[in-house]
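Please work through the exercises below with the sequence and the coordinates open beside you. Each task is followed by a solution that goes step by step.

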Amino acid sequence: MKPPSKTLERLAPWIAVAALVMIWEATVRLFDVPSFIFPSALETLQALITYAGPIGRHSWQTFWTTLIGFGLGVAVGLVLGLIIGSSRFLYNACYPLLVGFNAIPKVAFVPILVVWFGIGSVPAILTAFLICFFPIVVNVATGLATLEPEMEDVLRVLGARRLDVLLKVGLPRSLPYFFASLKIAITLAFVGTVVSETVASNQGIGYLMMSAGSQMRMGLVFAGLIVISAMAMVMYECFSWLEKRMTGWAHRGR
Amino acid sequence: MASAFVDFEAVALSYDGQDNAIEGIDLSIAEGEFVAFVGPSGCGKSTFMKLCTGLHAPTTGRVRVDGEPVNGPLKITGMAFQNANLLPWRTVLDNVLLPLEIVEPYRRQFRRRREEFAGWARALLNTVGLADYADKYPWQLSGGMQQRASICRALIHRPRLLMLDEPFGALDAFTREELWCVLRDLWQAQRFTVVLVTHDLREAAFLADTVYVMSARPGRVIEKREIALPRPRSIESTYEKTFIDLVHALRSRIGDVRES
Ligand SMILES: Nc1ncnc2c1ncn2[C@@H]1O[C@H](COP(=O)(O)OP(=O)(O)OP(=O)(O)O)[C@@H](O)[C@H]1O
Ligand SMILES: [Mg+2]
């Protein structure tokens, strides 16, 4: 068999999306599913166009709260990761704590955040932050902590200080881990924002879907779903591109 | 010996505070001497290196280098290990330059004299046959080439003491012999002091002036053997009878250690 051509390979994801939409449309029509239970692709598209204004406004809200939460997550995650990763003692001390913290479903924080900060953007930002900083901490700390002891000896014998080893070896070495974690963190941040918006906000895509759902306007709910996943996908691709740009050496010229 | 460069006096080291990893080490190495350490795995050869370079302090005894007691890392040493440990995001040239970014006084001058330093690095790479690879990345090099670069990195700050911990252990036999000659020529030209840890008795006998044989844990020096073979030595000479007898004698000594 001939290997698929380059163009075909590039088009493949779009073909997959088109196929999924077609199956969706066909299934709904074939089984005659009422649109207040499961709208067809066409109805979703109609909702997307009809409500473009409100959807745009609410998406923007979701987008910037996510980015702020994500930004906080990156800053805190990076600093915490650097601190934990550069000391074996702290690494061992804090790791179980972090794992335990990560196991808590972040939705459980939302009511607490509402009590502290009220309904609105702040709980959304903080939920996004809470959910996304963990993979960054773990990746940065792991990148630092797995430094070869021999490399450390080579530098230490020359009189290198901790900071030297960190700057010359530790940090560059953990960059691929860091950028890989950004891709995961940005998608998680969207999850955090939307979850918080559905219970504790009157703005954002999460809120929009919740209220549309309670009015049985399922076309709008699905339109919201599609907008979220599109935003998350675009951001994922951005960070994936950034990762390739910044840490090409880690991919060995592939 | 009056002019001992490295001087160990009744040195012992215990990592866990209970039993010694190495003990009763009494030896002196002259400046410019090439010594090799052989012995069973886990006998404390790498530990000896840590003591010698000041990366670890002895539990008892005294370590002196160049007449001064060793306390803290010794900047006049360069080190290379079995893994080349080159940084994959730096070119070969920048890898070789790394020590100069760290060790004083070069560290302070690095920005100003970068071109000059790069010249040193290129000259060094040239002597090990890597002139054309200075601007390549480590992963574009074979294992043997990476090891050459690693030795250049160990030598760039012109150390007086070169510590090599099984530097050729991961290489095939032909590449290894090639690198023996590279190291021999570097040493013959610059006459730094070398401490080489190896599992290869031919390697020890071919390169060293003195071979120390260590016992199983707790490591002690059980034999010191001067290698009187004339220099410069050639790979050819390792197939002559005198050389083979010498390696054989070392081999049987190690055999005794393993049995006891
Ligand atoms: N950091 C450490 N902490 C505790 N024990 C150690 C440490 N490093 C080495 N040891 C112990 O000290 C002994 C000597 O170790 P060393 O690494 O010096 O052996 P070696 O001769 O270099 O062995 P090999 O030939 O396998 O490299 C071993 O029994 C080892 O378990
Ligand atoms: Mg060792």
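The exercises that follow concern a predicted model, and they go from the helices of chain A to the ligand and the backbone of chain B.

**Exercise 1. Describe the secondary structure and the extent of chain A.**

Step 1: counting the elements of chain A gives ten helices and zero strands, and the order from the N terminus on is accordingly written α-α-α-α-α-α-α-α-α-α.
Step 2: along the principal axes, the C-alpha atoms of chain A fill a box of roughly 75 × 60 × 30 Å.

**Exercise 2. Determine how helices α6 and α8 of chain A are oriented towards each other, and sort the residues of their contact.**

Step 1: helix α6 of chain A covers residues 121-145 and helix α8 of chain A covers residues 162-200, and their axes come within 6 Å and cross at roughly 155°.
Step 2: angles over 145 degrees count as roughly antiparallel, and α6(A) and α8(A) are therefore roughly antiparallel to each other.
Step 3: the handedness of the crossing of α6(A) and α8(A) is right-handed.
Step 4: the residues of the contact between α6(A) and α8(A) divide into 19 nonpolar, nine polar and two charged.

**Exercise 3. Carry out the analysis of orientation for helices α9 and α10 of chain A.**

Step 1: helix α9 (residues 204-214) and helix α10 (residues 218-246) of chain A pack at an angle of about 160°, and their axes are 8 Å apart.
Step 2: this angle makes α9(A) roughly antiparallel to α10(A).
Step 3: the crossing of α9(A) and α10(A) is left-handed.

**Exercise 4. Characterise the surroundings of ligand 1, from the shell of residues to the polar contacts and the buried area.**

Step 1: the residues around ligand 1 include B:Tyr15, B:Ala21, B:His199 and B:Arg217, together with B:Ser41, B:Gly42, B:Cys43, B:Gly44, B:Lys45, B:Ser46 and B:Thr47.
Step 2: when the residues of the shell are sorted by type, three are nonpolar, six polar and three charged.
Step 3: for the backbone, an N or O atom of B:Gly44 lies 3.0 Å from an oxygen atom of ligand 1.
Step 4: for the side chains, a polar atom of B:Thr47 lies 2.5 Å from an oxygen atom of ligand 1, while an N or O atom in the side chain of B:Glu166 is 3.5 Å from an oxygen atom of ligand 1.
Step 5: ligand 1 taken alone exposes 630 Å², and the protein buries 61% of that area.

**Exercise 5. Locate the cis peptide bonds at B:Pro105 and B:Pro218, and the positive phi of B:Arg158, within chain B.**

Step 1: the peptide bond from B:Glu104 to B:Pro105 is cis, with omega near 5°, and B:Pro105 is found in the loop between α2 (92-97) and α3 (106-109) of chain B.
Step 2: B:Arg217 and B:Pro218 are joined by a cis peptide bond with omega of about -5°, and B:Pro218 belongs to the loop between β9 (210-214) and β10 (221-226) of chain B.
Step 3: B:Arg217 also appears among the residues around ligand 1.
Step 4: B:Arg158 is not a glycine, yet its phi is positive at about 55°, and B:Arg158 lies in the loop between α5 (143-155) and β7 (161-165) of chain B.

Technical notes: Residues numbered from 1 in each chain as written. Chains lettered and ligands numbered in written order. Predicted model: local features only at pLDDT ≥ 70, side-chain atom pairs only at ≥ 80, totals over all residues. Heavy atoms only, no water. Axes fitted to C-alpha atoms, helices over the stretch in contact; angles between N-to-C directions. Helix = DSSP H or I, 4+ residues; strand = E, 2+ residues; numbered from the N terminus. Parallel < 35°, antiparallel > 145°, perpendicular 65-115°, else oblique. Left-handed = near helix turned anticlockwise from the far one by under 90°. Nonpolar A, V, L, I, M, F, W, Y, C, P; charged D, E, K, R; others polar. Near = heavy atom within 4 Å. Polar contact = N/O pair within 3.5 Å; in protein donor to acceptor, adjacent residues only side chain to side chain. Areas by Shrake-Rupley, 256 points an atom, 1.4 Å probe, with all protein chains shown as cover.
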